[in-house]
Structures are given as C-alpha cells and as structure tokens.
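Q: Hey, I'm new to this one. Can you walk me through a few spots in it?

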Amino acid sequence: MTAWLSVIGIGEDGLDGLSSAARTLLGQAELIIGGERHLAMVPDDGRERLCWPRPLKAAIPEILARRGRRVAVLATGDPMCYGVGARLSRVVSADEMTIIPALSAFSLAAARMAWSLPDIETVTLHGRPAEMIIPCLYPGARILALTADGGTPGTVARILCEQGYPDSRMSVVEQMGGPAERRIDGIARDWPDGRAAELNTLAVECIAAPGTVAHPRLPGLPDDVFLHDGQLTKREVRAATLALLAPLPAQRLWDVGAGAGSIAIEWLRSHPNNKAVAIERAPERCALIARNAAALGAPLLEVVEGSAPQALAGLGAPDAVFIGGGIGAEGLVDTCWRALPPGGRLVANVVTVEGEKTVFECHQRLGGSLTRIAVCRGEAVGPYTGWKPLMPVTQWAAVKP
Ligand SMILES: C[S@@+](CC[C@H](N)C(=O)[O-])C[C@H]1O[C@@H](n2cnc3c(N)ncnc32)[C@H](O)[C@@H]1O
C-alpha cells in the first residue's frame, strides 16, 4: 500500500523549521492531527483537525478509519524518539507511513551542553516515575533526561541528594529551538523550589559525595542496599541466579515468593525496557519490595500481594520465572512452566530438604540442571578470620524446549 500517513516532526520554531518535503506533505493533508501546541503552529485554513485525546490511543481507531486518505500527524522533534511515531508504527506498517524527523530534544540538548550523545546516558522521565533515572547515576555520569513537566527537575534534584550525588550540576533547557528558549543552571542540593517551564529537558553531571557507593547495573548488589527481614537472596547466589535467568531487553520476569524483591529489582535495573512482577503473600514484605524498588531505580516493578499459583492468574506472560519461595504449593511449578514460551527460563532456589525433594522431582520430569551453591564468607573470629557458611542453596534451572 502506498503511504497515506505522514508523521512530521516539528520543533519550537514551528513551520519555519520544516523541510520542503514536510511542508508539502502537510500542505496536502486532508486531516491534520497533533497536540494543541502543534496545531496552533498551523494557520487554520478550514481543513479537518484532530487534537490528541487523552489517552492518546483513543485516536488510533479514528486514524485507521482514514486509511488510504491523506493524513498528517505533527509530532515533537523526532517522532521515533519516545514520540508518537513509535506508537503509530505498532498499528500502521512502515510502507504506509512517511516519517520526517526534526531534531530530537536529546540532539538539541547535547548541542547546548556540547556533550557527545553516544557517550552519555539518555533516559525519558516523560510518563514514567522520576526514579527511572537512578540506574543512570554513577560518578562522572552525564545524563540527558526528557521530563514529564516543570516539576521534574526539582524531583530529580531531591533524588540526586538522596542517592549521594548532592553536588551534581544540573541544567534545565526550556523550549529549546524556539524564541522562548531559556537555560537554568544550578547544583542539586541548592536547586530552587518552583517549577521550570512545562517543556524542558534536563542535563545532569553526577558528582558523588565522599563515601557514596555507586551501584552498577550488573547483578550482585550488596545485600545491605535492600531493606529486608532476612528473606533476601544473598549477593553471591543472586548474581548466579540472574545469570541463569538471563534477562534480555524488554523481557518480563515473574519473581515468585519475592521476599525483598531483589531478583526482580536487579532484573529491571539491567535494562530500562525490562518488566517484572513480584509475587509475595506477606503484606509487610510487599511494602519492603515497593520501597526497595523505588530506592534502587525500579519504580515500575509490579507488586502482586497474594499466594502463587492463584496470584499468577491474569499476569502478562513471562520470559523467565524465578521461584524463591513457595515451591511446594500445589501446581506452582507446572503453572509457571506452562506460562513460559519456548526458550523461557525457570530457576528455583531452595534451602530445605522438602524443597529439594520438589526440585529433584521437577528435574527428573522437566530436565535442566541442579546446582548446589555453598558460600562461606570470611569473618572475624577474635583476632583471626574464619569462614562463616551461609545456608547452602540448591538450584534447579531449566530452559523450556
Ligand atoms: C514525549 S517526549 C517527545 C520527545 C520528542 N519525540 C523528541 O524527539 O524530542 C516529550 C519530552 O521531550 C522534551 N522536549 C521535547 N521538545 C523539547 C524542547 N523543544 N525543549 C525542551 N524539551 C523538549 C521534554 O522533556 C518533553 O517532555
């Protein structure tokens, strides 16, 4: 099918900044769709217009109903960079669309800061909790963040202080590329109250306070960064477990019997598009999981309070399942195994003989590997050092054929 839908990126300089190809497509459109800000840039000449409804997906059927007619969508900056183009490409095939990008906010802000784009962290906090910036924090990190609104810079300043980066330099660039462009520079600890302009992009240069421990995105965070009541998969075992769960970008984990949520949180930290559900029956542990998730930069962790397997009903299909508790529950392993696609990973850790009996049966029935992990940590014994054993963990791991 020939292209009927034009997706045209536009900046704060409005029609003046459009290429002649973009102007032609806009000029020929029978229907123009955009946000209020975008539609205000186009003089009203009587053609049909549609302002994005909330939620935006409500407009999708209207757009698809025009298939074959000339429709132009105006989008901020680069429509394929956290923009509406990405959304439309899920329902309209590439050969039906002409996409003409303008400069993204990342490109504009990188130019303002004179930062090399591939050498920095880029993150969107638009429509997402500001805690999503936490996995990007490390000494010397340079971060460009798309923001939700004028309140985001203040929220990020608070997060930087809480995370041990109070001296970080912050720059907010408002309405880049237009006549009202303005830049505000400051330090996180002194960031003024009050809001920036609603359209802004944030640049952060992370400066750690003395004693701040930086957390890599690779699994195996220290145990003491998690709030827990003892039900925590310890660091050495956690790293080994995540290696077998093998998170790939955009995949979903079920963390069954999540305890402090450490496995799900490290799964999420490994890639911003990852998804995870923590299933935990004890309400006080659910509260710990939620607090750990926010503090460690995994605010999108879904916490489900309830007992598995019943609590698994209706959850989005997993790519990997970790069973850290409740393995003896009737039907649990089979429910998880059925939910996995081919290539999906199941890992179960047990510390009791009863748990071992279950995983031994599972191993015989479903295959995979059994591993015994016995960790001893060196600790002071008077003036000497001795080995303090942690409870040995038996691990069953299987990949669905
Ligand atoms: C949904 S994202 C869309 C990004 C867009 N597709 C792009 O390429 O820039 C919207 C966010 O981008 C940032 N942004 C977009 N245009 C901007 C501008 N001209 N000045 C400052 N920030 C801008 C803001 O953080 C805004 O909340």
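A: Sure, here is a short chat about a helix pair, a ring pair and a histidine. Keep in mind that this is a predicted model.

Q: Okay, helices first. At what angle do α7 and α8 pack?
A: Helix α7 (residues 235–245) packs against helix α8 (residues 262–269) at about 55 degrees, and their axes are 10 Å apart. That angle falls outside the ranges for roughly parallel, antiparallel or perpendicular, so the two count as oblique.

Q: And is the crossing of α7 and α8 right-handed or left-handed?
A: Right-handed.

Q: Which residues meet there?
A: From α7 you have R238, T241, L242 and L245, and from α8 they meet S262, I263, E266 and W267. Sorted by class, the contact has 4 nonpolar, 2 polar and 2 charged residues.

Q: Switching topic: how many aromatic pairs does the structure hold?
A: Just 1. In that pair, the ring centres of Y82 and F106 are 6.1 Å apart and the planes sit at 75 degrees; over 60 counts as edge-to-face, so that's what this pair is.

Q: Where do Y82 and F106 lie?
A: Y82 is in the loop between β4 (71–76) and α4 (84–88), while F106 is in helix α5 (residues 105–113). The pair therefore ties together parts 24 residues apart in sequence.

Q: Is F106 buried or exposed?
A: Buried, with a relative accessible area of 5%.

Q: What about H38, buried or exposed?
A: H38 is buried too, at 6% relative accessible area. You'll find H38 in helix α2 (residues 36–39).

Q: What does H38 touch?
A: Leaving out residues up to four places away in sequence, H38 touches I10, L74, A75 and T76.

Methods: Residues numbered from 1 in each chain as written. Predicted model: local features only at pLDDT ≥ 70, side-chain atom pairs only at ≥ 80, totals over all residues. Heavy atoms only, no water. Axes fitted to C-alpha atoms, helices over the stretch in contact; angles between N-to-C directions. Helix = DSSP H or I, 4+ residues; strand = E, 2+ residues; numbered from the N terminus. Parallel < 35°, antiparallel > 145°, perpendicular 65-115°, else oblique. Left-handed = near helix turned anticlockwise from the far one by under 90°. Contact = heavy atoms within 4.5 Å. Nonpolar A, V, L, I, M, F, W, Y, C, P; charged D, E, K, R; others polar. Phe/Tyr/Trp six-rings, centres within 6.5 Å; stacked < 30°, edge-to-face > 60°. Buried < 20%, exposed > 50% of the residue type's maximum accessible area, 1.4 Å probe, protein only.
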